[in-house]
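Please load the structure below and keep the selection panel open. The stops are meant to be taken in order.

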Amino acid sequence: MNIPHTIRERRTIRRFNSTPVTPELVVSLLTDAANLYEDEGTPRWRCLFAGTPESRHRLVKSMTAKMKESRFVKLMPAKMIDFFIKQITDMPAHLIFIAESASDRRRSDENYAAVCSVMQNFQLLGWERGLGALWDTDPMLQSESFHAEIGLQKGERFAGILHIGYFDKAPRARRRTPAEQKWTAIGEDAAADSLQPDYVRIPAQSILKVLNDAVWAPNDGLREPWRFIYVTGSQAAAKLSESDRNAKPALLLVVAKQEADPHKREEDYAAVCCLIQNVQLLLKSGEWHARRSIPDWIYDEDQCKPFGIQPGERIVAVLELGENGRPPQSEPPSLPRLIITHL
């Protein structure tokens with residue numbers, strides 16, 4: 001896969017043609033998507049595939065149950081509701097992603113980030129095969145009928161649906177904000193034009209180049225809810241273990257804006273997870289390597305303040321950056337638990 005090209009060229013597809021999507025292709029792409037995800041833990045998630053007319057009809061019926069209860073929808077012409085139902089039913093296939101929850105916030109975030117990253121990998125791999133996708137987390141999916149249809153259990157979290165299919169025409173690109181406008185550097189070596197000391201393995205301009213590809217991540221309405229904090233020197237070393245400090249990597253903190261609306265907040269978190277996955281894919285395909293972690297300290301406001309984290313923001317992940325062939329020391333990555341069932 002030509003990773004930079006595919007990340008930039010991928011589009012959200014809303015109109016599909018009638019070409020069927022085979023379960024065999026879906027399983028193959030999901031397996032490859034899971035293999036592309038790297039993490040220190042073993043996040044757990046599962047996926048349901050709805051690709052038959054019967055399963056698609058049951059799915060859309062459960063999806064629209066909450067919508068039909070709305071007073072506003074009851075005033076809509078029946079033809080409009082029927083059109084919406086037909087539009088979803090006619091989509092060739094649907095993938096429903098579910099993450100395991102956890103008793104602690106950090107572990108729950110790890111599982112959810114894993115699902116979002118695999119969904120992004122699936123979209124990129126599918127795009128290479130001519131397969132488009134629409135990521136759907138509409139509030140109407142938060143209904144008992146939909147959760148019952150997908151078999152959502154206690155201790156599980158619905159992550160989203162990918163409506164997938166082949167398409168005849170891709171929409172035009174919409175401009176992304178350059179990473180330079182969302183970039184802050186902190187540390188003894190913070191000058192963006194002279195970052196070549198011992199503590200910095202990757203020049204800032206090289207990271208910005210990667211980020212300007214990575215920002216082509218899916219996010220609703222192009223809210224672009226992210227910003228980047230590049231940390232070097234003693235500030236970076238203070239957040240590493242003794243063994244990692246010897247390698248002296250730089251850190252990239254990826255920060256998400258926290259919307260007041262819970263649905264938008266979750267959508268934005270997913271978008272930032274997709275961007276982080278893009279960064280890892282891009283760095284791994286080049287000269288560099290990034291180890292993603294969700295350390296405990298990012299949940300402590302006092303420990304986040306020195307990095308300029310404001311109210312209404314949160315650190316989603318910390319990327320430890322190093323040269324490929326000599327990645328930051330870590331345990332070998334474990335593959336996510338991949339469970340695929342038919343709806």
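This tour of a predicted model visits a sheet, a buried arginine and a helix crossing.

**The sheet**

Begin by selecting β5, β6, β7, β9 and β8, which in that order form an open sheet of 5 strands with mixed pairing. At its edges are β5 (183–186) and β8 (288–293), each of which pairs on one side only. Viewed along the sheet, the twist from one strand to the next averages 25°.

Next, restrict the selection to β5 and to β6 (residues 226–231): the two run parallel and are joined by 4 bridges. One pair to label is Ile186 with its bridge partner in β6, Val231.

**A buried arginine**

Now move to Arg10, in the loop that lies between α1 (3–9) and α2 (23–36). Which side chain of opposite charge is nearest to Arg10? That side chain is Glu9, 11 Å away, and Arg10, although buried, has no salt bridge. Display the surroundings of Arg10: leaving aside residues up to four places away in sequence, Arg10 touches Gln120, Gln123, Leu124, Trp127, Trp216, Ala217 and Pro218.

**The helix crossing**

Finally, select α7 (residues 105–128) and α12 (residues 262–284), whose axes come within 8 Å and cross at roughly 65°. The crossing of these helices, α7 and α12, is right-handed. To show where they meet, display Asp109, Tyr112, Ala113, Cys116, Ser117, Gln120, Asn121 and Leu124 on the α7 side. On the α12 side, the residues are Glu266, Tyr269, Ala270, Cys273, Cys274, Gln277, Asn278 and Leu281. Gln120 and Leu124 link this stop to the previous one, since both are also touched by Arg10.

Note on methods: Residues numbered from 1 in each chain as written. Predicted model: local features only at pLDDT ≥ 70, side-chain atom pairs only at ≥ 80, totals over all residues. Heavy atoms only, no water. Pairing = 2+ DSSP bridges. Axes fitted to C-alpha atoms, helices over the stretch in contact; angles between N-to-C directions. Buried < 20%, exposed > 50% of the residue type's maximum accessible area, 1.4 Å probe, protein only. Lys, Arg positive; Asp, Glu negative; His and termini not counted. Salt bridge = Lys/Arg side-chain N within 4 Å of Asp/Glu carboxyl O. Contact = heavy atoms within 4.5 Å. Left-handed = near helix turned anticlockwise from the far one by under 90°.
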